[in-house]
Amino acid sequence: MKIPVILNGDNTFIDANPETSLMSVLRKMGYSSVKCGCDSGICGSCSILFNDKPSAACKIPAGIAYNSDITTLEYFSQTEEYRTIMKGFELAQINLCGYCDAGKIFSTYEVLKFSKSPTREELADRFKQLAPCCTDLTTLINGVIWAWEIQHKGLDYVMKLQRGR
């Protein structure tokens, strides 16, 4: 079945059985950022932006994607939001492993876009299942907070804070 979608900014069709997971379809299309992890929607390895919300592609049947906007990490990595997130992660000394990147990055994107001033407790609850792969939860929260500060207060402000430490 041909399913119309907006994939990484382009109107296109994905050719798939409507019951096949979007993760499987995207992997077959060559999107290597969509990893197969827990296959239960928890670990974040298969994360995509689905209508601008972080979502587990392993839990989305391809048929549900009809006329949806899908963004993979390959495309998102070209955005200013991605650069902001990566700068925050760099300041926290996070070295992503390549396996769980999409879950951490897209969840951080959601925080930057929709949270006014996230608390450590809110972030711990949101990220607790994503932390263990390549960084501890505290370091991940620090990276998210740095990214939020850069997004909302500017890099110059954050660099002054860094120098004051």
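User: In which sense do β3 and β4 pair, parallel or antiparallel?
Analyst: Keep in mind that we're looking at a predicted model. In general, strands of a sheet pair through backbone hydrogen bonds, and there are two ways to do it, parallel or antiparallel. Here β3 covers residues 47-50 and β4 covers residues 53-56. Across 4 bridges, their pairing is antiparallel.

User: OK, so who stands opposite S47 in β4?
Analyst: Let's walk along β3 from its far end and watch the partners. F50 has K53 as its bridge partner, and I48 stands opposite S55. Going up in number on β4 goes with going down on β3, as you'd expect for strands that pair in the antiparallel sense. At S47, the residue opposite is A56.

User: What do β3 and β4 form together, and which residue in the turn has a positive phi?
Analyst: The two strands make a hairpin, with 2 residues between them. Look in that turn for a phi of about 55°. The residue you're after is N51.

User: β3 has another neighbour too, right? Which residue of β5 is the bridge partner of L49?
Analyst: Yes, β3 is also joined to β5, residues 69-71, by 2 bridges. Those two strands run antiparallel as well. For L49, the bridge partner in β5 is T71.

User: Which strands are the edge strands of the sheet?
Analyst: Start with the order, which is β2-β1-β5-β3-β4 in an open sheet of 5 strands with mixed pairing. An edge strand pairs on one side only. That fits the two ends of the order, β2 (10-15) and β4.

User: Are the side chains of β3 buried or exposed?
Analyst: They go two ways: S47 and L49 point to one side of the strand, while I48 and F50 point to the other. There's also a helix around here, since α4 (residues 101-114) lies across β3, β4 and β5, at about 35° to β3. As for those four residues of β3, all are buried.

User: Let's switch to helices. Why do we call α3 and α6 oblique?
Analyst: Two packed helices are described by the angle between their axes and the distance between the axes. The axes of α3 (residues 80-91) and α6 (residues 137-153) come within 7 Å and cross at roughly 130°. Angles over 145 degrees would count as roughly antiparallel and 65 to 115 as roughly perpendicular. This angle fits neither, so the two helices are oblique.

User: How many nonpolar residues are in that contact?
Analyst: On the α3 side the contact includes I85, F89 and L91, and on the α6 side it includes W146 and I150. The whole set also has 4 polar residues and 1 charged one. The nonpolar count is 8.

User: What is the relative accessible area of G143?
Analyst: G143 is found in helix α6. Leaving aside neighbours within four places in sequence, G143 is in contact with G88, F89, A92 and I94. Buried means under 20%, and G143 is buried, with a value of 0%.

Terms used. Residues are numbered from 1 along each chain as its sequence is written. This is a predicted model: local features need pLDDT of at least 70, side-chain atom pairs count only at pLDDT 80 or more; totals for chains, interfaces and linings use all residues. Side-chain values use heavy atoms; hydrogens and water are left out. Axes are lines fitted to C-alpha atoms, for helices over the stretch in contact, and angles run from 0 to 180 degrees between N-to-C directions. Angles under 35 degrees count as roughly parallel, over 145 as roughly antiparallel, 65 to 115 as roughly perpendicular and the rest as oblique. Contact means heavy atoms within 4.5 Å. Ala, Val, Leu, Ile, Met, Phe, Trp, Tyr, Cys and Pro count as nonpolar, Asp, Glu, Lys and Arg as charged, and the others, Gly among them, as polar. Buried means under 20% relative accessible area, exposed over 50%, partly exposed in between (1.4 Å probe, protein chains only). Two strands pair if DSSP finds at least two bridges between them.
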